[in-house]
Structure formats: C-alpha cells, structure tokens
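Reader: I would like a close look at one part of this model, followed outward to whatever it leads to. Could you take me through it slowly, with the cut-offs stated as you go?

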Amino acid sequence: MPRKVPEFGPIITLTSDFGMADAYVAQMKLALLRHAPSARLVDVTHAIAPQDVLGGSIQLERAIAAAEPGAFHLAVVDPGVGSNRRILVTVLSEQTIVCPDNGLITWAWRRLGPGKSFELAWRPTHSSTTFHGRDIMAPALGMLASGTKLTKLARPIADPLLLDVHLADPADRAGRVIHIDHFGNATSNIPAEMLDPDDAVRIGRRSVNRIRKTYADVPPGKPLALIGSAGLLEIAVRNGSAQRTLRLKIGDEVTLVR
Amino acid sequence: MPRKVPEFGPIITLTSDFGMADAYVAQMKLALLRHAPSARLVDVTHAIAPQDVLGGSIQLERAIAAAEPGAFHLAVVDPGVGSNRRILVTVLSEQTIVCPDNGLITWAWRRLGPGKSFELAWRPTHSSTTFHGRDIMAPALGMLASGTKLTKLARPIADPLLLDVHLADPADRAGRVIHIDHFGNATSNIPAEMLDPDDAVRIGRRSVNRIRKTYADVPPGKPLALIGSAGLLEIAVRNGSAQRTLRLKIGDEVTLVR
Amino acid sequence: MPRKVPEFGPIITLTSDFGMADAYVAQMKLALLRHAPSARLVDVTHAIAPQDVLGGSIQLERAIAAAEPGAFHLAVVDPGVGSNRRILVTVLSEQTIVCPDNGLITWAWRRLGPGKSFELAWRPTHSSTTFHGRDIMAPALGMLASGTKLTKLARPIADPLLLDVHLADPADRAGRVIHIDHFGNATSNIPAEMLDPDDAVRIGRRSVNRIRKTYADVPPGKPLALIGSAGLLEIAVRNGSAQRTLRLKIGDEVTLVR
C-alpha cells in the first residue's frame, strides 16, 4: 500500500531588495498566508541591491526556471512604489508572477518567454503608499495561489516594460557579464548553445582559456570558463573569486575566440 | 465545487539577534516543530544587533501588527539568559508572544497594548544555562501553539518590564528616530494621527520639507518625509539612503513645524 | 475532544556555503519539494565561508543534534563538485544525511557517530557539472524523505572521508577553538564531561578564570569560560565579543589548569 502523502499547498517564491534586517519580508509572507494559508513559501533572495531591477530580474528568472508548472512568484524591487507604474501579472512557463511593471520580468521574459501580460486591477480598501508588496501584490498573489481566477483581478495588456538586456546575439560571438554571485563567479548572457567545443574565452584583455566542464578541471586559484548551472557561460576561479582575482564587474565584455 | 483547501497549522514568527551564520535559529525551529509539528514558521529577522533589545522590540511589534488573531511569536534578544530575569508570555491583539522580560515587549505594548502579562513557570527537565530560546521559550511556545492552555504553563503577573520609549506626545510636536531600516529610511515615534497636512519636518537643523505621499513625489536623491508603512513619520531619500545622506542615527530629534 | 492535528511531512534541514544573495538555496528547496512535497524545510545556515568544509561540518552536527529520529539533512559545501569525489549518504542518530564525501560529515561522526555510510549511486538523466546540490543531492534526499528505500539509491561503503579534527583527548587537558559564532563566542572541542569543577581555563597566555554557569555571572565586558549550548567549553565576553576582545581565532589552544 502506498504511503499516504499529506495534502500540500501551492509553492510561492519571494524575491526582493528588502534585506534581512527588517520585518518587511515577514509582513509580505503573513499577507500571502492570509490569502493562501497552505502555501509553501520559498525565499529566493532578499539581498538584491536596493532598487537594482536588473539584479532582481536575474534571480527571479532562476526561481521560475527551477520551479514547476503551477508555481507562483512574488518579486518586489519597486523604486516607483506609489507612483503610477503598473503592477504586472505575468503567466509564463505555466507559472504566475506578480511584480511591478518596471522591468523586473525582463530576464524571465528573455529566457523563458514570451509570456502573457496582465495589469493588476485589484486594489485593497486600504493601502500604504510605500509598501505595495505587502498591501497589494502579496494579497493579490495569495488570492491567485488559492484559486481566484486571474480575470477577476487583472486585465490583459500588451507587452510589459522590458529592460534593454538580451541574450547574446550568436552573430556577435560576444556578450557581457550580467551577474556576479556570492562566490565571485561571473555569469554572462552567452547561452551554452552558442558555444563551440574549441572556443576560448576572453574577458577584457585577458584570455581565460578553453571552456572546462567543472571547477576541479583547473588547479586551485586558477581562472576558468565553464557552463554554469543556469546554462550560461560563466567565468570562475577555482576555490577563489573571479570577481576579485580578475576584477570583474557587471557589464564587462566577454568574447569568444577560436 | 470549491477547491479543497489543505489543513494548516498555527503561524509562529521568530525574531532574534542570533544572526544567520549559526545553527541557533534552526535549533529553535526544530524545538518549535517538535511541539507544534504543523506550525507555519515565519522569520521576522535574526539580524537584530547583538543585545539590542529596543531594536528587537520594534521588529517584534511589526510582526504582531502584520499577523492576525491566533498567531504566535517567539522573540529572543536575551543578554540576561541564565540570570533571574523572568520569561514573559504576553497576550496582546489576541496573539501570544513569548520573550524574555527585559523590555523586548515594549514597542508592541506601546502601540498595540496594553496586553495581559504572564510569567512562564514551565521549565524542562534539562536546560542549558545559555540558550533558553531553544531549551525553554521555543518548547513552551510550541506547546501553546499546539493547544496547551496558558494557565498550565504560566501565571499572571503585573505589567512587564518596559523600556523608556514611547510614542511621541502630541503636545510636544516632536519625536525621535527609533529605527533605521535596510534602505536607510529613518522611522520616528511620531504616528500619522499627530500630523497636520501643512506640517513640515525638521531633523536636527535640517528642514526636510512638507510631508509627501510616497518616494516618487520628489526627484531621485532628494530627501522627503512621509508616513511609512508602519503608520509612523519616516525620513527617506528617494532611491538613496537618508541615513547616509542626512547622517541620521537612532535618537535624533524630529520636529514638526508649520 | 482532542484538537485535530493536521498531517505533516518530514523535516529536512539545509546547510551550505551558498550565501543568501543568489537563488541557489531556493533551487535546492524547489528540487526537494518536487520529490518530498510535504517536507518541512529548516535552514541551518548558508553563511558557511566558501569552501569551509570544517565550518559546515560543525553546523551540520548542531542540526543533527537538535533534530529527532526520522529527520533528514542536506549539507552542501562542495569545492570538488564535478570531480570524482563521492556523494555520501549517512545514517546516524536514526537520521539521514546527504552531503559530499569531503569531510563535511566529520563533526557529526565524531560527536554522534559512528554512523552507517553509503555512496549515492543514483544519478539523474541530466545534471549540471557545477551544482550537484540542486541536480543530484536534493532530488536524492527528497526521494529518501518521501519514502524511497536507501538501498534503491545507494550502496554501503566503508567509513567516509573524515577531517583530522577530534574531540579533545582527556589525557591532554587541552583542546582547540573549533568555531566562533555570530556573537564572537569561541567554542572549543573540549566536552563538558572533561571538566572538573575546579578547573580554570587558559587561552594562549591569558587566564580566563574559573568556569561559570552563564554570561550574567561576570560583569559586562568581562571574559568568561562556560559550557555552551552545544555541551562544549566556550570562551565568551559578557555582552561583548570574545573574538574581538581576546583576539581569538580558530585553532587557538585552550588549556585546563588547576
């Protein structure tokens, strides 16, 4: 007889620039749980640099790519809170994302989209002017996650606001650093599919060398290029930080050479 | 037919000065889950500065204000652990809070109270002398959250120890910075109800100007005063840090002027 | 009538050096929840210093010691990812741990073991070469937590790779600092059982004095030695940081004197 599996609720991930020192994230979670009491909450990160919409966009895409159809995502990096920027509901990869319409959906749209875009029309009776994540977005997503129909809360719109950030163009044989992680590994916008087995990688004036399979393929302290866990070309230093050793920063050019 | 909603357990929030680098928070969570296995745990913050009881007090109030009747809260900033300081159980806003009786309940008491105070009488068979959060408070709160009657574990006492921190007195037309958040926004102890539409705000010698609705009401980089998401007067810099730009610190005087 | 307790799933704790700024932890959690959808996830810490296997080992032991039979643990500090290092499944204290076979199990093995060791044989159809935590370890642990038999996924092996770190030898009357926590408290490898009531403690050339019961036994700012919450001799400074005040570091010798 199969083991009886308990019931379980929808998955909701959270991404923000709220940090971990204040109650803001908890306030959003309590609003989510009020409307979706059985939700399984998963923090993506709250360490996005304040107002860094691109950085938030990249982490949000990672969460969507790692989740399954039916998952929900709340992403709040919202410097325009209280202004007339729209609140976006996006359906993409059979998942539902609520975030400000300020470009936060960009990287998910580029890699996993296009999706379907809606403007959140629902508003609560009372709302602060400074924390729509707690007062509008979390309740709305909670309602969607517990079964409220999207058409009851939102209306279709044309494409969302997207940042001018793209996957590298295969014709260019070059791209840029779009993210640097906790280990100092630099991720580019060059997808695995663009690479030939014989490619070497140059970053700025520095040749990093052939593309390896994993960190352990070079001696400790040495730089390498490899396909990272997001399926993008990554520059790393084994047991070290490529960011520090190679002085990398977001926007640096990455070139493929034969 | 309505969608079947799974069962779900009590909400328990956690606030501490334990940081995120050690297993201390996990040890408290495992103790909570032992006694309240279906609890839905929500971290408020564990980044309270070590032994900063006032800072913990402010975050705890935020958690209580954001939760609903029936919620439970564990707050541990406990420099007196192992001494004869009492352990407090407070019932306030129809919610139950367990924390040391060292002032940690202060801000919730000022804004949402008064509550009813109890001294935790229950003790485990074995306890460390240095981690009552794990050994006494978490098990006790877990028992309460899973239905044990309060009177079985605690006895009524007169008011708890409260810090000398108060909501601003309307007669004073002035208050103080009581918290600075992750974005560098400074929250005062001046509640929205104390403000007139024509008030301007002065902090130290600097006039911040009229009270705005939201950050986007001033140009990027400019300071503003507004009602923050906690219903208190807040000093901010749009897309920047008021703490850095205006050199604010906790205790700075905030004055209302016409 | 007793209150109806909802069903609940297995406890799974997570320990890593992934930090909180990236989606890596969320990606592991989503993989765990895919295979063990009712799991109750508890973060131990993700702030292990990058590639610090000993530091991760100590936090993992704390999680196991605090959990109950039937709990599951995922620990990923994995500088050798993608190399031929094995993936370990350990059964210890009636709990199941999945981690790389690089010494991460050491401290749990020393304090709570020996356990039974297995090599994970299961591999997914597709895996990255850089993130086995997400692609191999989390799915495998999720399967075990939802009832898959260990023998279906892993084969018995002799003892795992263990670091040269041990509990202090009673004959030596001395040990070493093995961990410094968020408060600056230094934990040694000297267990409570090794201490006599009359022992005084010396660290480097500095005599810390008699062993106390708790922090409040000395004036604020003063150093003390006591049995910490892990049952090990700890050096602390009341309301301060022993690490800063006494300039302690991992590896420092701690001596018992009469």
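Author: A residue is called buried when its relative accessible area is under 20%, exposed when it is over 50%, and partly exposed in between, with a 1.4 Å probe and protein chains only. By that rule helix 2 of chain C is mostly covered, since 12 of its 14 residues are buried; helices (H or I, at least four residues) and strands (E, at least two) are DSSP runs, numbered from the N terminus. This is a predicted model, in which local features need pLDDT of at least 70 and side-chain atom pairs count only at pLDDT 80 or more, while totals for chains, interfaces and linings use all residues, and side-chain values use heavy atoms, with hydrogens and water left out. Residues are numbered from 1 along each chain as its sequence is written, and chains are lettered from A and ligands numbered from 1 in the order in which they are written.

Helix 2 of chain C covers residues 53-66, and its 14 residues reach 20 Å from the first C-alpha to the last, close to the 20 Å expected, where the expected span is 1.5 Å times one less than the number of residues. Its buried residues include C:Val53, C:Gln59, C:Glu61 and C:Arg62. In chain A, 12 of the 14 residues of helix 2 are likewise buried, so that helix is largely enclosed by the rest of the structure.

One neighbour of the start of helix 2 in chain C is C:Leu163, which touches C:Val53 and C:Leu54, and also C:Asn102, C:Gly103, C:Thr106 and C:Arg110, when residues up to four places away in sequence are not counted; contact here means heavy atoms within 4.5 Å. C:Leu163 sits in the loop between strand 7 (154-156) and strand 8 (174-180) of chain C, and at 22% relative accessibility it counts as partly exposed. Although C:Leu163 and C:Gly103 are 60 residues apart in sequence, their C-alpha atoms are 5.2 Å apart in space.

From here the view widens to the contacts between chains. Chain C gives 32 residues to its contact with chain A, which gives 34, and the area buried between them is about 2800 Å², with 58% of it from carbon and sulfur atoms; buried area is the accessible area (1.4 Å probe) that two parts lose on being put together, summed over both. One salt bridge is found across this interface, where a salt bridge is a side-chain nitrogen of Lys or Arg within 4 Å of a carboxyl oxygen of Asp or Glu. The side chains that meet in a salt bridge here are those of C:Arg34 and A:Glu68, at 2.8 Å from N to O. On the side of chain C that touches chain A, helix 1 (24-35) and helix 4 (132-145) of chain C are the elements that give two or more residues, and helix 1 gives the most, with seven residues.

At the contact of chain B with chain C, 32 residues of chain B meet 34 residues of chain C, and about 2900 Å² is buried, of which carbon and sulfur atoms give 58%. B:Asp22, B:Leu30 and B:Thr130 supply 19% of the area that chain B buries against chain C, more than any other three residues. The count between chain B and chain C is one salt bridge, and B:Arg34 forms a salt bridge with C:Glu68, with the closest N and O atoms 2.9 Å apart.

The arrangement of the chains can be described through superposition, done by least squares on the C-alpha atoms of residues with pLDDT of at least 70 in both copies. A rotation of 120 degrees, with 0.0 Å of shift along its axis, lays chain B on chain C with an RMSD of 0.0 Å. These two copies are thus related as by a three-fold rotation axis. They use different surfaces, in that 6% of the contact residues of chain B recur in chain C.

Within chain C, helix 1 also takes part in a salt bridge, in which the side chains of C:Lys29 and C:Asp43 meet at 2.7 Å, N to O. C:Lys29 lies in helix 1 and C:Asp43 in strand 2 (residues 40-45) of chain C, so the pair ties together parts that are 14 residues apart in sequence. C:Lys29 counts as buried at 8% relative accessibility, whereas C:Asp43, at 22%, counts as partly exposed.
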